[in-house]
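Student: I should like to learn how features of a fold are read from a model. Could we work through one example together?

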Amino acid sequence: MQDFTATDHQMMARALRLAERGAWTTRPNPMVGCVIAQGDEVVGEGFHQRAGGPHAEVFALREAGTRARGATAYVTLEPCAHYGRTPPCALALIEAGVARVVAAMGDPFPDVDGGGFALLRQAGVEVAVGLMADAARELNRGFLSRVERGRPFVRIKLAASLDGRTAMADGESKWITGPDARADVQRWRARAGAILTGAATVLADDPALTARPDAGAFVPPLRVVLDARLRSLACTRVRDGGAPTLYLHDPALTPPRIEGAAFAAAPLQADGRFDLAAVMALLAERGINEVHAEAGPTLCGALLRGGLADELLLYMAPLLMGEGARPLLAGLGIAAMAQAVPLEMHDLRMVGRDLRLRLRPATA
């Protein structure tokens, strides 16, 4: 068990806040923050801003200059040890004369995975690992899911009335939630690598599915449409707006050439529906860390039923829509209390007039 001081905790908390500033721009890379300190004095800090650009340690070392010698570097993730689009950060720390590195966690990415710590220790740098590790894992839940599980972290966004209804019987659903909740959704979209929907939603709503956060730079997420028969191609808004669009389809089809669209075959099950686990593996291979699903009750229910839903982002509006309105999720096949899906409350807060719940499948 490592012994960490109050200063160590303070500096790592600062590094984690810095790392989160890259939430909309770093993918497919992880978010990383770095603080370099002489005792309790910060002499340099930085965060990874975009894939292909300098890493957090480089920004912090630039700011610290010669004051990095003999200092402690606090990093939220193990410094890299390989040559990619940038040189190894472990070597940069060694060359700057840093005496101690405190890392929240190791990096499971195969090209790193302990190599950064080994380089530092071989050079005589003191290394301590594990400070605020849970917070660091939560920060990079998508990256870690892709690397460790071979699939993205899947978040399902839902908006419902207090009686759990998402639309009227005829499909009318604008607007269940208020403007503050809708603006909040845009920020969640902006941090996702992909926004996922189904053909039925595109045909019914012709959505744009772009991220439109109120402030800050972001990389437009990939829009992914599950459309086995490519029935929704006439709906064009999902291909507009400056964001890429990928249609996943039946392998037996030969897709047309359409400007602004890419196509990929994805396996189907015997019932003609997509093999959603294979879909997630395909997206992981394309570097997608987080999937933000905005779809109808059938697809959302299938993701949950298949064990692929890592989080439900549920906005509940102070409305009652009645028993004739459409349900939150479909196809769960629950007939008895023993079959009920247990969820854990991860976060609960008011967003304007609406209640926002972040729920995760119970791990017990």
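Tutor: We begin with a definition: helices, of at least four residues, and strands, of at least two, are DSSP runs numbered from the N terminus. Please keep in mind that the model is predicted. In this numbering, Asp206 lies in the loop between helix 8 (199–205) and strand 9 (222–226).

Student: What is the phi of Asp206?

Tutor: The general idea comes before the case. Most residues other than glycine have a negative phi, and most peptide bonds are trans. Asp206, a residue other than glycine, has a positive phi near 45°. With a relative accessible area of 24%, Asp206 is partly exposed. Met132 is likewise not a glycine, and its phi is positive at about 60°. Met132 belongs to the loop between strand 5 (126–129) and helix 5, and it is partly exposed, at a relative accessible area of 27%.

Student: Which residues does a cis peptide bond join?

Tutor: The bond joins Arg27 and Pro28, with omega at about 10°. Pro28 is in the loop between helix 1 and strand 1.

Student: Let us turn to helix 1. What distance should the 15 residues of helix 1 span, and how far apart are its end C-alpha atoms?

Tutor: The general idea is that the expected span is 1.5 Å times one less than the number of residues. For helix 1 (residues 6–20), this gives 21 Å, and the end C-alpha atoms are 22 Å apart, which agrees.

Student: Which residues of helix 1 are buried?

Tutor: The reasoning needs one cut-off: buried means under 20% relative accessible area. In helix 1, the buried residues are Asp8, Met11, Met12, Ala13, Ala15, Leu16, Leu18 and Ala19. Their packing partners are strand 1 (33–38), strand 2 (41–47), strand 3 (72–75), strand 4 (100–103) and helix 5 (133–139).

Student: How should one read a pair of packed helices?

Tutor: Two packed helices are described by the angle between their axes and the distance between the axes. For helix 2 (residues 56–64) and helix 3, the axes come within 9 Å and cross at roughly 20°. Angles under 35 degrees count as roughly parallel, and helix 2 and helix 3 are therefore roughly parallel to each other. Their crossing is left-handed. On the helix 2 side, Glu57, Val58 and Leu61 meet Cys89, Ala92, Leu93 and Ala96 of helix 3. The residues of this contact comprise six nonpolar, no polar and one charged.

Student: At what angle do helix 3 and helix 4 pack?

Tutor: Helix 3 (residues 89–96) and helix 4 (residues 115–122) pack at about 20°, and their axes are 9 Å apart. Helix 3 and helix 4 are therefore roughly parallel to each other. The crossing of helix 3 and helix 4 is right-handed. Ala90, Leu91, Leu93 and Ile94 of helix 3 meet Gly116, Leu119 and Leu120 of helix 4. By class, the residues of this contact are six nonpolar, one polar and no charged.

Student: Is Leu120 buried or exposed?

Tutor: Leu120, a residue of helix 4, is buried, and its relative accessible area is 0%. Setting aside neighbours within four places in sequence, Leu120 is in contact with Pro79, Ala90, Leu93, Ile94, Val101, Val125 and Val127. By contrast with such contacts, one may also take a separation along the chain: Leu120 and Arg360 are 240 residues apart in that sense, and their C-alpha atoms are separated by 37 Å.

Student: Where is Ala73 found, and which residues does Ala73 touch?

Tutor: Ala73 is in strand 3 and counts as buried at 0% relative accessibility. Not counting residues up to four places away in sequence, Ala73 touches Val35, Ile36, Leu93, Val98, Arg100, Val101 and Val102. The C-alpha atoms of Ala73 and Val42 are separated by 9.8 Å, with their positions 31 residues apart along the chain.

Student: Is Thr72 buried or exposed?

Tutor: Thr72, also placed in strand 3, has 13% relative accessibility and counts as buried. Apart from neighbours within four places in sequence, Thr72 is in contact with Val35, Ile36, Ala37, Arg100 and Val102.

Conventions. Residues numbered from 1 in each chain as written. Predicted model: local features only at pLDDT ≥ 70, side-chain atom pairs only at ≥ 80, totals over all residues. Heavy atoms only, no water. Axes fitted to C-alpha atoms, helices over the stretch in contact; angles between N-to-C directions. Parallel < 35°, antiparallel > 145°, perpendicular 65-115°, else oblique. Left-handed = near helix turned anticlockwise from the far one by under 90°. Contact = heavy atoms within 4.5 Å. Nonpolar A, V, L, I, M, F, W, Y, C, P; charged D, E, K, R; others polar. Buried < 20%, exposed > 50% of the residue type's maximum accessible area, 1.4 Å probe, protein only.
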